Amino acid sequence: MMKQLLSLLIVLMTSSIVNAQYSIKGTMTPPEKSDWVMLHRLQGIKPKFISHTTIKFDTIKVGADKQVIGRFSFELPETAQTGVYRATYRNSGSGFVDFIFNKENVEFIFNPKYPEQSITFTSSRENKVFSKYLEQSANAQKEINSYQVNYIQNPVRDVKKAYKKAVEKLEDLQEANENKSEGMLSHHFIKASAQYNSSSPIDNMEKYVASKVDNFFKYVDFESKPLYQSSFLIDRINDFVFYLNYSEDQVTQQKLYKESITKVLDDALSSKSFKKEAIEFLVTSFTDKRNSEVVDWLFTEFYDKLDNSDQSFKAKKLGQLSVSVGRVAPDFSWKENGTDYKLSTLNDGQTYLLIFWSTACPHCVKEIPDVHNFMKQFSNTSVIGFGIESDDTKFNDFKKQLDGWHNVYGTHPDNKFDNETVRAYKIDATPTYFVLDSNKKIIAIPNTVEDVHKYFKSL
């Protein structure tokens, strides 16, 4: 009998261990409008889907007021892989929170509008240590930056002394947190997040910026598996390329993009597998910005030289860039006052402003007259207004106030946005603006009417 009880106890204990689970719980305050959350485990730029759940809404009393919150939870098995996980609650934008999972329960509270700035961990030693480190490190670096700027403006001994003391404070903080996190998964992220500061303040801004650029990846190990299996490396590359190297001059900015990318891909990256992912991330980012010059350069200088390049990826991205800065605008024809016209042979301007708009678009109805009045001062620019309409009734009436423009009408029997020219230009919203040179090459794609004003005023 005793043996049977002992055997049963062993079975129950074994079953309990096998079925052990870890919980991931999040609380949104205020809640998101959607009612779903997806969980992924990050691995480079290709996250792995784990599970999905719904948000449960609840009303709690805070003092004399009532507040609605949203709660969600996931269960991970004992066998779940450690690493950085992402809970996504929105299809685009900053609609996610990242956290470290290392065989412990994780609980956090956050505002879904500002997830990164608001997240607070109520359970999980890994995440508490890392988030506290990030906050303390950011404050310490802010103090150093303040003394550095003051020294450039007023290079006196007292500021220099205060700067050195602040640097020592951050170095002590870094060492303490690296020691505290030893043996933890967060240790890898804390080491890689260390910030470089010169031992003494630098006396001019140009040298200071150069120092930051040269040492940006000083503490980042691109061969680290924990860093790779997160968004850390891609986030650092993104910050370096798109934020640390900036110029308002377009030509200079293109040069800075290429210089920063070369530094990342030639100097920082030695891992071929991650190098491919990094290039694809950059190509996708510049494709989204319709920057065909940098994308073409990335393919020629780096991607095509990889042993494991994906030609289907290349073809897809180049196809998306058929209408972008540096490409010749797709040709189309129209009839105007009984005369046939063709974009490619139009020769009545040194530059051209091509606008896709619609009388069914409230923004267009408001903006187009403004653009018409504004462009009167630029006699060397010819304007082509392409009306995307279900029929020509409202268009013919509206175009009477657009004298001096080439007014083109386009439609489709099923859906006006399926018009051949509209599809060729990949138009999915109106108004959409393109600036062309005399050879009809796209030289700018202003996002708004304000951008149109800014562009032509700068000429």
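**Close-up views of the predicted model**

**View A. F313 is a buried residue, with a relative accessibility of 14%.** This value falls under the 20% limit for burial, so F313 is classed as buried. The structure shown here and in the views below is a predicted model. F313 lies in helix 12, which spans residues 311–320, and the buried residues of this helix are F313, K314 and K317. These residues lie on the same side of helix 12 because they cover an arc of only 100° around the axis. S312 and K316, on the other side of helix 12, are exposed.

**View B. F299 and F313 form an edge-to-face aromatic pair, one of the 40 aromatic pairs that the structure holds.** The ring centres are 6.4 Å apart, and the planes meet at 70°. The pair links distant parts of the chain, with F299 in helix 11 (residues 292–301) and F313 in helix 12, 14 residues apart. F299 is buried, with a relative accessible area of 2%.

**View C. F356 and Y425 form a tilted aromatic pair.** Here the centre-to-centre distance is 4.9 Å, with 45° between the planes. This pair also links distant parts of the chain: F356 belongs to strand 12 (residues 351–357), whereas Y425 is in the loop between helix 15 (420–424) and strand 15 (432–436), 69 residues apart. F356 is buried at 0% relative accessibility. Y425 is likewise buried, with a relative accessible area of 0%.

**View D. Phenylalanine and tyrosine side chains come together in one aromatic cluster.** The tyrosines of this cluster are Y22, Y85 and Y89. The phenylalanines are F72, F74, F99, F101, F108, F110 and F121.

**View E. The charged ends of K218 and R236 sit over aromatic rings.** The ring beneath the charged end of K218 belongs to Y219, and the charged end is 5.9 Å from the ring centre. The charged end of R236 sits over the ring of F216, at 4.5 Å from its centre.

**View F. Strand 10 and strand 11 run antiparallel and form a hairpin.** Strand 10 covers residues 333–336 and strand 11 covers residues 339–342. Four bridges join the two strands. S333 has K342, in strand 11, as its bridge partner. Two residues lie between the strands of the hairpin, and N337 takes a positive phi near 55°.

Notes:
Residues numbered from 1 in each chain as written. Predicted model: local features only at pLDDT ≥ 70, side-chain atom pairs only at ≥ 80, totals over all residues. Heavy atoms only, no water. Buried < 20%, exposed > 50% of the residue type's maximum accessible area, 1.4 Å probe, protein only. Arc of directions from axis to C-beta. Phe/Tyr/Trp six-rings, centres within 6.5 Å; stacked < 30°, edge-to-face > 60°. Lys NZ or Arg CZ within 6 Å of the ring centre and 35° of its normal. Pairing = 2+ DSSP bridges.
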